[in-house]
Amino acid sequence: MHGEYKVPGGKLVVVDVEAEGGVLRHVRVAGDFFLEPDEALDAVNRALEGAPADTDAAGLAARIDAALPEGTVMYGLTSEGVAIAVRRALAHATDWTDYDWQLVHEGPQSPALHMALDEVLTAEVAAGRRPPTLRVWEWGAPAVIIGSFQSLRNEVDAAAAERHGVEVVRRISGGGAMFVEPGNTITYSLSVPEALVQGLSFQDSYAYLDDWVLGALGDMGIRAWYQPLNDIATDQGKIAGAAQKRIVGHGGGSGAVLHHVTMSYDIDADKMLEVLRIGREKLSDKGIKSAKKRVDPLRRQTGLAREAVIDRMIASFDARYGLTRGKVTDDELDRARGLARTKFSAPLWTARVP
């Protein structure tokens with residue numbers, strides 16, 4: 001069995017392993033990481049040899065740490081990363097390059113339709129009828145998107161939202177509220193087969209699916225990192241938040257994961273603070289005094305137009321994994337329009353947690 005895992009911000013770890021009689025055998029760890037001294041690699045292999053095959057990633061990492069020679073230096077590699085690669089091998093996980101990725105980047109659409117498209121396209125990937133898809137959103141109206149489990153009245157000032165013409169919608173994924181405006185926000189979705197994140201914990205899957213965009217930002221001169229559980233940050237502040245939803249496959253499909261990210265390009269922080277009810281407790285948890293400091297626009301950090309940032313992100317993904325331009329099919333669009341009308345525009349859904 002073969003497993004691969006790119007350590008977030010680090011290097012690729014490759015593991016070949018067999019499971020015989022319920023234990024790991026013939027373990028071989030490789031990759032483009034740096035490790036000193038040389039014998040540390042043999043120590044890693046020996047630590048994993050004979051381990052129970054059902055040992056979780058934390059347990060495998062502990063075995064590795066206990067076996068490393070004193071003074072071992074790892075660069076681009078962690079014991080946790082090796083452990084995750086083992087778990088992915090045992091779970092028969094796939095890799096990004098195993099798929100033919102499709103790009104969907106169409107004109108502005110309503111907030112409710114965007115919520116519906118996320119659900120429909122990911123369900124199609126789960127069923128095996130659509131290839132893994134990167135969808136870049138264009139917003140047709142300003143909106144607040146609240147998480148699946150958030151209280152509507154606790155998160156949004158309804159009067160302020162109406163005054164500013166801000167539509168409020170609820171998405172199918174968890175996480176916190178996001179304030180978006182056309183031209184000021186960059187949002188994208190990844191609809192991926194569940195096999196791509198096999199062997200990863202929920203938290204690790206966030207880091208894994210965000211890694212490509214960290215590279216894209218780095219190419220634009222922004223040193224960014226994944227900040228658990230679902231933020232992308234720089235030394236000047238948070239620039240993006242992510243959310244996920246697992247969707248069960250039907251009709252022979254094996255399931256899929258929806259991973260979407262909203263990035264701040266040039267947000268009107270004053271308007272955001274009027275519309276969102278951001279409490280002092282939530283802000284103090286972040287170690288800051290005002291919500292404005294949580295929004296660090298990409299416009300200022302890159303000096304690039306929003307369209308140029310998007311083009312560079314797409315080009316970066318294409319260079320890594322390949323990307324073919326596609327579109328939402330007529331059937332998918334019809335189903336999404338129906339969901340936008342009957343679910344995502346309906347008070348019953350939007351206020352399901354009042």
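Two strands are taken as paired if DSSP finds at least two bridges between them, and the close-up views below, all drawn from a predicted model, start with strands described in this way.

**View 1. Strand 14 and its pairing with strand 15.** Strand 14, which covers residues 237–247, pairs with strand 15, residues 256–264, in the antiparallel sense over eight bridges. Within this pairing, Ala243 has His260 of strand 15 as its bridge partner. Strand 14 is mostly covered, since eight of its 11 residues are buried. In a regular strand, the side chains alternate between the two faces of the sheet.

**View 2. The hairpin from strand 13 into strand 14.** Strand 13, made up of residues 231–234, is joined to strand 14 by a hairpin that passes through two residues. The two strands pair in the antiparallel sense over four bridges, and the bridge partner of Asp231 in strand 14 is Gly241.

**View 3. Gly249 in the loop between strand 14 and strand 15.** The loop that links strand 14 to strand 15 contains Gly249. Is Gly249 buried or exposed? Gly249 counts as buried because its relative accessible area is 17%, and the cut-off for buried is under 20%. Computed along the sequence, Gly249 and Ala159 are 90 residues apart, while their C-alpha atoms are 40 Å apart in space.**View 4. Helix 7 and its kink.** Helix 7, residues 202–219, has 18 residues that should span 26 Å at 1.5 Å a residue, and because its end C-alpha atoms are 27 Å apart, the expected and modelled spans agree. A kink of about 40° is nevertheless present in helix 7, centred on Asp211. Helix 7 is mostly covered, with 13 of its 18 residues buried. Just after helix 7, Gly221 takes a positive phi of about 90°.

**View 5. The second largest pocket and its lining.** The second largest pocket has a volume of about 290 Å³. Of the 18 residues that line this pocket, the closest to its centre are Tyr5, Glu80, Gly81, Ile84 and Asp204. Helix 2 (57–67), helix 3 (79–90) and helix 7 each supply at least two residues of the lining, and helix 3 gives the most, with four residues. Sorted by class, the lining of the second largest pocket holds 10 nonpolar, five polar and three charged residues.

Methods: Residues are numbered from 1 along each chain as its sequence is written. This is a predicted model: local features need pLDDT of at least 70, side-chain atom pairs count only at pLDDT 80 or more; totals for chains, interfaces and linings use all residues. Side-chain values use heavy atoms; hydrogens and water are left out. Buried means under 20% relative accessible area, exposed over 50%, partly exposed in between (1.4 Å probe, protein chains only). The expected span of a helix is 1.5 Å times one less than its number of residues. The bend at a residue is the angle between axes fitted to the seven residues ending there and the seven starting there. On a 1 Å grid over the protein atoms alone, a cavity is a set of points where a 1.4 Å probe fits but cannot get out, and a pocket is an open set with protein on both sides within 12 Å along at least five of seven lines; lining residues have an atom within 4 Å of a point. Grid points are joined across faces, edges and corners, and a volume is the space filled by probe spheres set on the points. Ala, Val, Leu, Ile, Met, Phe, Trp, Tyr, Cys and Pro count as nonpolar, Asp, Glu, Lys and Arg as charged, and the others, Gly among them, as polar.
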